[in-house]
Amino acid sequence: MYKRLIPLATSFMLAIASGAVLASEDDFSQPIKIGSNTQFIDGKNKTALYKEDVLITQGSLVIKADEVEVIATDGSGREIFIARGKPASYSQSLEDGTPVSAKANEIRYEVVNRTISLAGSAELQQDTSKVQGDKITFDMITEQLLATGGAGKNGEGRVTTVFTPETIRKTSSKKDNKDNE
């Protein structure tokens with residue numbers, strides 16, 4: 001039974017990865033903007049801490065968190081952003097307009113590697129398909145996604161992937177259109 005799901009899961013993960021690469025090419029050429037209620041910058045150690053209602057934007061890429069630590073010790077363009085929250089969230093529009101969103105207790109955005117790593121109650125969603133686990137790492141260059149479960153009983157520590165068939169999406173869209181009329 002599980003062998004039949006492997007090609008389906010692989011297709012889903014490749015679909016997520018290939019779409020995000022298209023969005024990121026334009027987004028990564030945009031400046032990174034950070035807004036918060038408070039900030040602390042340590043110029044000597046090349047670190048910064050932003051707290052309270054933090055918002056990071058870069059093109060269509062948006063990260064929201066309670067606090068964000070920025071590590072810039074490797075120089076400009078090689079920053080690491082560590083967003084923490086209950087949960088912190090990430091969203092981005094793909095080139096075709098499809099939204100991708102994620103949430104976790106911690107989101108690590110590595111600019112130079114073009115990776116988003118989610119830790120703690122991690123969830124990544126594209127269209128109507130969703131991956132959940134303790135940790136999810138998404139590499140936009142190699143188009144690979146790795147999700148791992150944590151220690152847990154009764155299936156709590158497992159990775160879960162939910163696929164919504166196209167017929168359900170179409171039926172749901174028709175219903176939404178009727179509701180809007």
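Select Gly35 first: in this predicted model, Gly35 stands opposite Leu55 of strand β3. Display the two strands around this position. Strand β1, residues 33-35, runs antiparallel to strand β3, residues 47-58, and three bridges join them.

**Along strand β3**

Next, select Phe40 together with Leu49, its opposite number in β3. The strand to colour here is β2, residues 38-42, which pairs with β3 in the antiparallel sense over five bridges. Follow the chain from β2 into β3: the two strands form a hairpin with four residues between them. Within that turn, select Lys46, whose phi is positive at about 55°.

Now move to Thr47 in β3, whose bridge partner in β4 is Ile71. Strands β3 and β4 run antiparallel and are joined by ten bridges. Their hairpin has two residues between the strands, and Gly59 there takes a positive phi near 65°.

**The salt bridges**

Switch to side-chain display for the charged residues. Side chains of opposite charge can pair when their charged atoms come close. The structure holds four salt bridges.

Begin with Glu67 and Arg84, whose closest N and O atoms are 3.3 Å apart. This pair links distant parts of the chain, since Glu67 belongs to strand β4 (residues 61-71) and Arg84 to strand β5 (residues 80-93), 17 residues apart. Glu67 is partly exposed at a relative accessible area of 22%, and Arg84 is likewise partly exposed at 27%.

Keep Arg84 selected and add Glu106: these two also form a salt bridge, with 3.5 Å between the closest N and O atoms. Arg84 lies in β5 and Glu106 in strand β6 (residues 99-110), so this salt bridge ties together parts that are 22 residues apart in sequence. Glu106 has a relative accessible area of 29% and is partly exposed.

Further along β6, select Arg108 and Glu110, whose side chains meet in a salt bridge of 2.9 Å, N to O. Is each partner buried or partly exposed? Arg108 counts as partly exposed at 28% relative accessibility, whereas Glu110, at 16%, counts as buried. Because the limit for a buried residue is under 20% relative accessible area, the 16% of Glu110 places that residue in the buried class.

To close this stop, select Glu67, Glu69, Arg84 and Glu106 together; salt bridges that share partners join these residues into one network.

**Ser117 and its surroundings**

Select Ser117 in strand β7, residues 115-126. Ser117 is buried, with a relative accessible area of 18%. Which residues does Ser117 touch, not counting those up to four places away in sequence? They are Glu106, Ile107, Arg108, Ile136 and Thr137. Two of these, Glu106 and Arg108, have already appeared as salt-bridge partners of Arg84 and Glu110, respectively.

**The nonpolar core**

Hide the charged side chains and turn to the largest nonpolar core, which has 30 residues. Val68, Tyr90, Ile107, Tyr109, Leu118 and Ile136 have the most contacts inside this core. At least two core residues come from each of β3, β4, β5, β6, β7, β8 (129-139) and β9 (144-148).

Centre the view on Tyr109, which is buried with a relative accessible area of 1%. Leaving aside neighbours within four places in sequence, the contacts of Tyr109 include Phe28, Gln58, Ile63, Phe81 and Ile116.

**The aromatic cluster**

Two aromatic pairs are counted in the structure. For Phe28 and Tyr109, the ring centres are 6.1 Å apart and the planes meet at 10°, so the pair is stacked. Phe28 lies in the loop between α1 (2-27) and β1, and Tyr109 in β6, so the pair ties together parts that are 81 residues apart in sequence. Phe28 is buried at a relative accessible area of 14%.

Add Phe81 to the selection. Its ring centre lies 5.8 Å from that of Tyr109 with the planes at 25°, so this pair is stacked. Phe81 in strand β5 and Tyr109 in strand β6 are 28 residues apart. Phe81 counts as buried at 4% relative accessibility. Ring pairs thus link Phe28, Phe81 and Tyr109 into a cluster.

**Confidence**

Finally, colour the chain by pLDDT. The average for the protein is 80, and 72% of the residues score at least 70. Over residues 1-22 the pLDDT is below 50; this stretch has 24 contacts in the model beyond near neighbours in sequence.

Conventions
Residues numbered from 1 in each chain as written. Heavy atoms only, no water. Buried < 20%, exposed > 50% of the residue type's maximum accessible area, 1.4 Å probe, protein only. Pairing = 2+ DSSP bridges. Contact = heavy atoms within 4.5 Å. Core = buried A, V, L, I, M, F, W, Y, C linked by side-chain atoms within 4.5 Å. pLDDT = per-residue confidence, 0-100. Phe/Tyr/Trp six-rings, centres within 6.5 Å; stacked < 30°, edge-to-face > 60°.
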